[in-house]
Amino acid sequence: MVRHGVPQARTSEDCVCERHDCGGLDPVLWCAEHGDDVAPVLDWHAGGGLRCAQLTRGRAASA
Ligand SMILES: [Zn+2]
Ligand SMILES: [Zn+2]
């Protein structure tokens with residue numbers, strides 16, 4: 001199962017994680033912002049799960 005981490009702050013250009021429509025990402029260890037050392041991720045959810053769909057809808061609605 002893939003987990004998406006929704007970051008606390010907006011991601012910068014330096015972020016090398018894979019991003020998803022829900023606003024979450026697949027953090028990679030070597031990302032300076034979201035890697036293992038820092039991990040400033042607030043909210044984890046299952047990729048393709050209910051929460052993921054909700055977030056995707058929420059973002060589409062507010063866009
Ligand atoms: Zn990142
Ligand atoms: Zn997601």
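**Figure 1. Long-range contacts in the predicted model of the protein chain.** In this predicted model, 37% of the contacts in the protein chain with a separation of 6 or more are accounted for by residues 24 or more positions apart. The chain has one helix and four strands, and when these elements are read along the sequence they follow the pattern β-β-β-β-α.

**Figure 2. Overall dimensions of the chain.** The C-alpha trace of the protein chain spans about 30 × 25 × 15 Å along its principal axes. Because a compact globule with 63 residues would have a radius of gyration near 11 Å, the 11 Å of the protein chain agrees with that expectation.

**Figure 3. Burial, exposed surface and charge.** Of the 63 residues of the protein chain, 30% count as buried, while the chain exposes about 4400 Å², of which carbon and sulfur atoms supply 51%. The protein chain carries 6 positive and 9 negative charges, and the mean positions of these two sets are 10 Å apart.

**Figure 4. Surroundings of Asp26 in strand S3.** Asp26 lies in strand S3, which covers residues 25-26, and its side chain belongs to a residue that is buried yet has no salt bridge. The nearest side chain of opposite charge to Asp26 is that of Arg3, at 8.2 Å, whereas a salt bridge would need a side-chain nitrogen of Lys or Arg within 4 Å of a carboxyl oxygen. Leaving aside residues up to four places away in sequence, Asp26 touches Val2, Arg3 and His4 as well as Cys17, Glu18 and His20.

Methods. Residues are numbered from 1 along each chain as its sequence is written. Chains are lettered from A and ligands numbered from 1 in the order in which they are written. This is a predicted model: local features need pLDDT of at least 70, side-chain atom pairs count only at pLDDT 80 or more; totals for chains, interfaces and linings use all residues. Side-chain values use heavy atoms; hydrogens and water are left out. Helices (H or I, at least four residues) and strands (E, at least two) are DSSP runs, numbered from the N terminus. The radius of gyration is taken over C-alpha atoms; the globule rule is 2.2 Å times the number of residues to the power 0.38. Buried means under 20% relative accessible area, exposed over 50%, partly exposed in between (1.4 Å probe, protein chains only). Contact means heavy atoms within 4.5 Å. Accessible areas come from the Shrake-Rupley method with a 1.4 Å probe; for residues, only the protein chains shown count as cover. Lys and Arg count as positive and Asp and Glu as negative; His and the chain ends are not counted. The place of a charge is taken as NZ of Lys, CZ of Arg, CG of Asp or CD of Glu.
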